[in-house]
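Biologist: Please take me through one part of this model in close detail. I want the nonpolar core, and then the charged contacts and loops that go with it.

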Amino acid sequence: MIVSGNLALKLVEKEVCIKYKPYVIAAVYQIILWYTEPLQAIANAHHEGYKLGQQLGDITHMTLNLFRCNRIKYLTGQNLSTIQTNAKDIAQILLNRNQKGIVAYPVLLHYHAIALRQGLHVLEAGRVDDIPTIAEINISHALSEFASKIYSLIRAFLFRQFGGNLIDIMNISDTIEEKKIQLWPITALGIFVEGLTCYLCSFEATDQVSKATWVGRGQSILAKIRSWHEHSSWNWENKVLLLEAMEMHIMGNYDAAEPLYASSIRSAREHKFIHEEAIASELAGDLFYERGSHLESYALYMHSIKCFNEWGALAVAMRVE
């Protein structure tokens, strides 16, 4: 598939095919090349598709590339204020063109970014920036409904709010397999956060059967992400290390977990995933707190807060604080 994707990109460099290039960029990078290319490079490619669509008058694929660029930038930890503004602008473009069928995607990202910046209460507070709320838009398409579930799980994890609907939003990997949903960057992120949440839930389990069930689900997801790591260490190294650290942590093997947490933090920093550096730092802080190493724990929590603030997730930083 990767060879086919690269071939398609070469073909649209020919003058006779250039008009198809925005469409090919939108499709190839979203479906194929994200397996191997750094996500930051994927965002840049979609931005190129957006600019070329502008030049060619291909409004449909110009807008599609613009949205995918913004969503990938969210996945790489770009500042949430910019993500929110871009999502709002894209939603407004689609609303002005009466393309209500796909406006759900930027609207979901718009309000998700706001919630991470200001708190979950904003999701119930009505319109922001005069963009229809999630409740107002019609999320009837299966993929937009699935995207909504992924964002809900991410918020539940980041705010540690695992309420009664946790089971409904936790089955990301099972839903992908059952419904044969295409694996895209956002769905892959959903699987990663599902793994993190499984391990967190195992810490809270009150009996050995529940704990074993949660750990087993986490291990299954870890195996899946290890297979992606073989194709792109840039995108997945820090995530594999973090899940491995959590696995050792829940097993009580603190001596093995500690260096894995440290390696995950370092990898996230080196590969420019500031939000995942924040997540790993907080979880490492939990480990040191459990071990009674309160100075080390405090330093890690403070680093997590610094990274969350740098990402723009001010409400999440306050939760950690």
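Modeller: What follows starts at the core and works outward. Keep in mind that this is a predicted model.

Start with the largest nonpolar core. It has 107 residues. Tyr74, Leu116, Leu158, Leu242, Tyr261, Phe308 and Trp311 touch the most other members. Helix 10, residues 185-204, gives the most to this core, with 11 residues. As a general point, nonpolar side chains in soluble globular proteins tend to be buried together.

Now zoom in on tryptophan 311. Leaving aside residues up to four places away in sequence, Trp311 touches Tyr74, Gly77, Gln78, Asn79, Leu80, Leu116, Leu158, Ile274 and His275. Three of the names from the core list come back here: Tyr74, Leu116 and Leu158.

The aromatic rings come next. The structure holds 6 aromatic pairs. One of them joins tyrosine 74 and tyrosine 151. That pair is edge-to-face, with 6.2 Å centre to centre and 70 degrees between the planes. Tyrosine 74 sits in helix 4, residues 59-75, and tyrosine 151 in helix 7. The two are 77 residues apart, so the pair links distant parts of the chain. Both tyrosines are buried. Tyr74 and Tyr151 also belong to one aromatic cluster with Phe308 and Trp311.

What about the cysteines? A search of the whole structure finds 0 disulfides. For cysteine 198, the nearest cysteine sulfur is that of cysteine 201, 6.7 Å away. A disulfide here needs the two sulfur atoms within 2.5 Å, so that spacing rules one out. Cysteine 198 is buried, at 0% relative accessible area. Cysteine 307 is buried too, also with 0% relative accessibility.

Next, the charges. Side chains of opposite charge can pair when their charged atoms come close. The structure holds 15 salt bridges. Take glutamate 282 and arginine 160 as one case. Their closest N and O atoms are 3.4 Å apart. Glutamate 282 lies in helix 14, residues 274-290, while arginine 160 lies in the loop between helix 7 (142-159) and helix 8 (166-170), so the bridge ties together parts that are 122 residues apart in sequence. Glutamate 282 is buried, with a relative accessible area of 6%. Arginine 160 is partly exposed, at 24%. The backbone of arginine 160 deserves a look as well. Its phi is positive, near 55 degrees, in a residue other than glycine.

Helix 14 takes part in another bridge. Lysine 239 and glutamate 276 meet through their side chains at 2.8 Å, N to O. Lysine 239 is in helix 12 (residues 233-250) and glutamate 276 is in helix 14, so this pair ties together parts that are 37 residues apart in sequence. Lysine 239 is buried, at 3% relative accessibility. Glutamate 276 is buried as well, at 4%.

Arginine 269 and glutamate 277 make a further salt bridge, 3.2 Å from N to O. Arginine 269 is partly exposed, with a relative accessible area of 43%. Glutamate 277 is buried, at 3%. Elsewhere, salt bridges that share partners join Glu13, Lys21 and Glu48 into one network.

Just ahead of helix 14 there is a loop to check. Lysine 272 lies there, between helix 13 (254-270) and helix 14. Its phi is positive, about 70 degrees, although lysine 272 is not a glycine. Lysine 272 is exposed, at 55% relative accessibility.

Helix 9, residues 172-179, shows a clear sidedness. Ile172, Ser173, Thr175 and Ile176 are buried. Seen down the helix axis, these buried residues fall within an arc of 165 degrees, so they line one face of helix 9. Lysine 180 follows the helix, and its phi is positive, near 55 degrees.

Last, a buried polar residue. Glutamine 30 is in helix 2, residues 21-31. At 2% relative accessibility, glutamine 30 counts as buried. Beyond residues up to four places away in sequence, glutamine 30 touches Ile25, His46, Arg68, Arg71, Trp184 and Pro185.

Key
Residues are numbered from 1 along each chain as its sequence is written. This is a predicted model: local features need pLDDT of at least 70, side-chain atom pairs count only at pLDDT 80 or more; totals for chains, interfaces and linings use all residues. Side-chain values use heavy atoms; hydrogens and water are left out. A nonpolar core is a set of buried Ala, Val, Leu, Ile, Met, Phe, Trp, Tyr and Cys residues joined through side-chain atoms within 4.5 Å. Buried means under 20% relative accessible area, exposed over 50%, partly exposed in between (1.4 Å probe, protein chains only). Helices (H or I, at least four residues) and strands (E, at least two) are DSSP runs, numbered from the N terminus. Contact means heavy atoms within 4.5 Å. The arc is that of the directions from the helix axis to the C-beta atoms. A salt bridge is a side-chain nitrogen of Lys or Arg within 4 Å of a carboxyl oxygen of Asp or Glu. Rings of Phe, Tyr and Trp (its six-membered ring) pair if their centres lie within 6.5 Å; planes under 30 degrees apart count as stacked, over 60 as edge-to-face and the rest as tilted.
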